Amino acid sequence: MLRKILLAAVAIVVLFLGFVATRPSTYAVERQTTVAAPPAVVYAELADFHRWEAWSPWAKLDPNVKNTYEGQPGAVGSKQEWSGNKDVGRGRMTVKDARPGERLGIDLEFIEPFASRADTDFVLSPDGAGTRVSWKMAGTMGFMEKAFGVFMNMDAMIGKDFEKGLAQLKAVAEKEASRPAPVPAAAP
């Protein structure tokens, strides 16, 4: 009887491992919203990593997170590195494509609690008097990530954060767009 139980357990493990091996090795997550603000205003919030604290869904997870910034905000090659608690881990973002008012491409690298890379893109397009914002992330998954994916869907997991972040970005950008333009100083 014990032998039959062991054989059944081994068969289940082998079947599970075979199933995991057949799972896709890539993932993609995308969410969109429309913001009642011009593309330039929305882009300014995205391109400057210093501004992410106001809208990022992960910014409030660790009040003691250590952020460092490098390079000209919004320029290709500019970076943000972070190190925080178990909820935010450690990683870096590097701007790889910057087209003001149109697109911001980011190389996203997680170092801890697990190492992975993803391509993240914000695509902006005019939508009436506002801006359509598309937040996309795509990456590859190794065997362990695919096994995890059997129980937790990446789209569902990350998608909720994207939805929260887009709602917060919308609020911040719309507030910024509603501010009166600065009045130039009078000539002497």
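These are some informal notes on strands, salt bridges, aromatic rings and one helix in this structure, which is a predicted model.

1. **Start with β4 and β5.** A good place to begin is strand β4, which covers residues 90–99, and strand β5, which covers residues 103–112. The two pair in the antiparallel sense, with 9 bridges between them. At the turn end, Arg99 has Arg103 in β5 as its bridge partner. The hairpin has 3 residues between its strands, and Gly101 there takes a positive phi near 75°.

2. **Then go on to β6.** Strand β6 takes in residues 116–127 and runs antiparallel to β5, joined to β5 by 8 bridges. This is again a hairpin, with 3 residues between β5 and β6. Two partner pairs are handy for finding your way: Phe110 is bridged to Ser116 in β6, and Asp107 stands opposite Asp119 in β6.

3. **Asp97 and Arg103.** Asp97 sits in strand β4. Is Asp97 buried or exposed? Its relative accessible area is 17%, and the cut-off for buried is under 20%, so Asp97 counts as buried. Its side chain meets that of Arg103 in a salt bridge, at 2.2 Å from N to O. The two side chains are also listed as joined by a polar contact of 2.2 Å. Leaving out residues up to four places away in sequence, Asp97 touches Val76, Arg103, Leu104 and Gly105. Arg103 is therefore worth a second look: besides this contact with Asp97, Arg103 is the bridge partner of Arg99.

4. **Asp119 and Lys96.** Which residue forms a salt bridge with Asp119? The partner is Lys96, and the closest N and O atoms are 2.6 Å apart. This pair links distant parts of the chain, since Asp119 belongs to strand β6 and Lys96 to strand β4, 23 residues apart. Both ends have some exposure: Asp119 is partly exposed at 37% relative accessibility, and Lys96 is partly exposed at 38%.

5. **Arg117 and Asp107.** Here is another salt bridge to look at, with the closest N and O atoms of Arg117 and Asp107 lying 2.7 Å apart. Arg117 is in strand β6 and Asp107 in strand β5, so the pair ties together parts that are 10 residues apart in sequence. Arg117 is partly exposed, with a relative accessible area of 46%.

6. **The wider charge picture.** How many salt bridges does the structure hold? The count is 14. Some of the residues involved form a network of salt bridges: Glu81, Arg92, Asp107, Glu109 and Arg117. Asp107 thus deserves a bookmark because Arg117 in β6 is tied to Asp107 in β5, while Asp107 also stands opposite Asp119.

7. **The aromatic rings.** Next, the rings. A search of the whole structure turns up 9 aromatic pairs. Why does the pair of Trp52 and Trp55 count as tilted? Their ring centres are 4.6 Å apart and the planes stand at 45°; planes under 30 degrees apart would be stacked and over 60 edge-to-face, so this pair is tilted. Trp52 and Trp55 are both buried.

8. **Trp58 and Trp135.** This aromatic pair is edge-to-face, at 6.0 Å from centre to centre with 80° between the planes. It links distant parts of the chain, 77 residues apart: Trp58 is in the loop between α2 (39–47) and β2 (66–70), and Trp135 is in strand β7, residues 130–140. The two partners also fall into separate burial classes: Trp58 is partly exposed at 31% relative accessibility, whereas Trp135 is buried at 2%.

9. **The ring cluster.** Ring pairs link Phe49, Trp52, Trp55, Trp58, Phe122, Trp135 and Phe162 into a cluster. Try picking these residues out together in the viewer.

10. **Helix α4.** Finally, the helix at residues 154–178. Helix α4 has 25 residues and spans 35 Å from its first C-alpha to its last, close to the 36 Å expected at 1.5 Å a residue. Which residues of α4 are buried? They are Met154, Ile158, Gly159, Phe162, Gly165, Leu166, Leu169 and Ala173. When reading that list, bear in mind that an α-helix has 3.6 residues a turn, so residues three or four places apart point the same way. Phe162, buried in α4, is also a member of the ring cluster.

Methods:
Residues numbered from 1 in each chain as written. Predicted model: local features only at pLDDT ≥ 70, side-chain atom pairs only at ≥ 80, totals over all residues. Heavy atoms only, no water. Pairing = 2+ DSSP bridges. Helix = DSSP H or I, 4+ residues; strand = E, 2+ residues; numbered from the N terminus. Salt bridge = Lys/Arg side-chain N within 4 Å of Asp/Glu carboxyl O. Buried < 20%, exposed > 50% of the residue type's maximum accessible area, 1.4 Å probe, protein only. Expected span 1.5 Å × (residues − 1). Phe/Tyr/Trp six-rings, centres within 6.5 Å; stacked < 30°, edge-to-face > 60°. Polar contact = N/O pair within 3.5 Å; in protein donor to acceptor, adjacent residues only side chain to side chain. Contact = heavy atoms within 4.5 Å.
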